[in-house]
Amino acid sequence: MSSFHVGGKVVDKVDLCRKKHWAWPLDVWPFAILYATWLATIVPNVDFIDAMIGFGDLLASHILVLLFSMWSVDFKCFIQFSKVNSIIQADAFKVTPAKFSGSKKVVPLHFRSQMTGSSSSGDME
């Protein structure tokens, strides 16, 4: 299960996420395909001014996707992360707060290695 309902006073839900490979987020490859399609089909067949209007529309939609990924945590998770079932596979988690307790955040997950050996009583003094 990738979503854990905490139901506390501050945190309502936690979702486990893994960052997608740099080429797979939905703000990279769909626009790479659209730019290549524009270059291969639109530019040779229409006027330069009309091709630039189409490029402007494509660029504006790409900028909007990038801005939405900065403004909305849910959209950022949809674009840049995939849900995972295990905490071992997770790179980050999305914290959804309870009502009136703050805003959603994507928090990176850091694993610490277990220290081997025991601490002596001299360390406590």
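In which helix is Cys77 found? Select that residue in this predicted model, and you will see that Cys77 belongs to helix α3. Because its relative accessibility is 10%, and buried means under 20%, Cys77 counts as buried. Leaving aside residues up to four places away in sequence, Cys77 touches Lys94 and Val106; the C-alpha atoms of Cys77 and Val106 are separated by 8.0 Å, although their positions lie 29 residues apart along the chain.

Next, widen the selection to the whole of α3, residues 73–80, where the buried residues are Cys77, Ile79 and Gln80. Colour their surroundings by element, and the buried residues of α3 can be seen to pack against β2, α2 (48–71), β3 (81–83), β4 (92–97) and β5 (105–108). At the N-terminal end of α3, display Ser72, which caps the helix through a side-chain oxygen lying 3.2 Å from the backbone nitrogen of Phe75.

From there, move to strand β2, residues 11–19, and pick out Asp15. Asp15 counts as buried because its relative accessibility is 2%, and its contacts, not counting residues up to four places away in sequence, are Ser2, Ser3, Ala92, Phe93 and Lys94.

Finally, select residues 28–46 and 52–73, which an unreviewed UniProt entry annotates as "transmembrane region". The span 28–46 is 89% helix and 0% strand, with its end C-alpha atoms 26 Å apart, while the span 52–73 is 95% helix and 0% strand, with its end C-alpha atoms 32 Å apart.

Methods: Residues numbered from 1 in each chain as written. Predicted model: local features only at pLDDT ≥ 70, side-chain atom pairs only at ≥ 80, totals over all residues. Heavy atoms only, no water. Helix = DSSP H or I, 4+ residues; strand = E, 2+ residues; numbered from the N terminus. Buried < 20%, exposed > 50% of the residue type's maximum accessible area, 1.4 Å probe, protein only. Contact = heavy atoms within 4.5 Å. UniProt positions renumbered as here; feature names shortened; annotations may be inferred. Polar contact = N/O pair within 3.5 Å; in protein donor to acceptor, adjacent residues only side chain to side chain.
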